[in-house]
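Here is a short report on the packing, strand pairing and surface of one protein chain. Keep the structure open while you read.

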Amino acid sequence: GFITSANYGFDIQKHIHQDLRKVNQDILDKIFFTDKIYHDLLNVLVIKFNKDKKEFYAHQDIPLVDELQASTVFAWIPTTDIKDKNGALLVLPKSHKSFRWQRTHDQSESPLKNLRDEILIFMIPIQLYKGDLVLFDNSLVHASLPNFTNDTRIAMNTGIASKNFPLIHYQRINNNN
């Protein structure tokens, strides 16, 4: 359903990460005490091409800290107006309060994998304008609609976590938990 700037290799992602870090410092300083948060852990562009004619399935993003202790959030900033026709963000309201479990990057391991189609009917679209800022808990179940336009839809995505908690990353190794 989409790719990120990380799909283009380390050199390009490093350049994008540094550029988005500058944007973060300008924007996030206005809403957070940036000396108390990590805000340059995951800076990517989320790219939904006009050939992506399917929705991106319901999923949750990785935790950045132990979610039993604290939440982490993503800042999602569209670079163009985002409506239903070009891949609006879909959210399952209040799902961050109900769907809490350890998550990895591997979405095929998610307990949601067998519920994705059923969940979609309960999700609501969030239509945004260029430069809007959406903050959402990493455990919020979200997806996106297909992009039926002739344009590529791009949004900035930045992970944010409190510096009061150690960073974590869960990964399945050799098919073990």
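Contact here means heavy atoms within 4.5 Å. The model is predicted.

**Core**

By that contact rule, Trp-76 touches Val-46, Ile-82, Leu-89, Leu-128, Asp-132, Leu-133, Val-134, Phe-136, Arg-153, Ala-155, Met-156 and Asn-157, leaving aside residues up to four places away in sequence. Trp-76 also belongs to the largest nonpolar core, which has 13 residues. Together with Val-134 and Phe-136, Trp-76 ranks among those with the most contacts inside this core. Which elements give two or more residues to the core? They are strand 3 (43-48), strand 5 (73-78), strand 6 (89-91) and strand 8 (134-137). Another core, of seven residues, lies apart from it. Its members include Leu-92, Ile-119, Val-141 and Ala-143. In soluble globular proteins, nonpolar side chains tend to be buried together.

**Strand 3**

Is strand 3 enclosed or open? Six of its six residues are buried, so strand 3 is largely enclosed by the rest of the structure. The cover extends to both faces. Asn-43, Leu-45 and Ile-47 are buried on one side. Val-44, Val-46 and Lys-48 are buried on the other.

Strand 3 pairs with strand 1 and with strand 10, as the table shows.

| Partner of strand 3 | Bridges | Direction | Residue facing Ile-47 |
|---|---|---|---|
| Strand 1 (residues 3-4) | Two | Antiparallel | Ile-3 |
| Strand 10 (residues 153-162) | Six | Antiparallel | Ile-154 |

Ile-47 thus appears in both pairings: Ile-3 has Ile-47 as its bridge partner, and Ile-47 stands opposite Ile-154 in strand 10.

**Surface**

Ile-31, Leu-133 and Leu-135 form a nonpolar patch on the surface. Together they have about 230 Å² of accessible area. Ile-31 is found in the loop between helix 1 (10-28) and strand 2 (37-38). Is Ile-31 buried, partly exposed or exposed? Its relative accessibility is 44%, so Ile-31 counts as partly exposed. Leu-133, also in the patch, is one of the residues that Trp-76 touches.

Lys-30 has a relative accessibility of 64%, so Lys-30 counts as exposed. The cut-off for exposed is over 50%. The side chain of Lys-30 meets that of Asp-26 in a salt bridge, at 3.4 Å from N to O. How many salt bridges are counted? The count comes to one. Side chains of opposite charge can pair when their charged atoms come close.

Conventions. Residues numbered from 1 in each chain as written. Predicted model: local features only at pLDDT ≥ 70, side-chain atom pairs only at ≥ 80, totals over all residues. Heavy atoms only, no water. Core = buried A, V, L, I, M, F, W, Y, C linked by side-chain atoms within 4.5 Å. Buried < 20%, exposed > 50% of the residue type's maximum accessible area, 1.4 Å probe, protein only. Helix = DSSP H or I, 4+ residues; strand = E, 2+ residues; numbered from the N terminus. Patch = residues over 30% accessible without salt bridge, like charges linked within 9 Å, V, L, I, M, F, W, Y side chains within 5 Å. Areas by Shrake-Rupley, 256 points an atom, 1.4 Å probe, with all protein chains shown as cover. Salt bridge = Lys/Arg side-chain N within 4 Å of Asp/Glu carboxyl O. Pairing = 2+ DSSP bridges.
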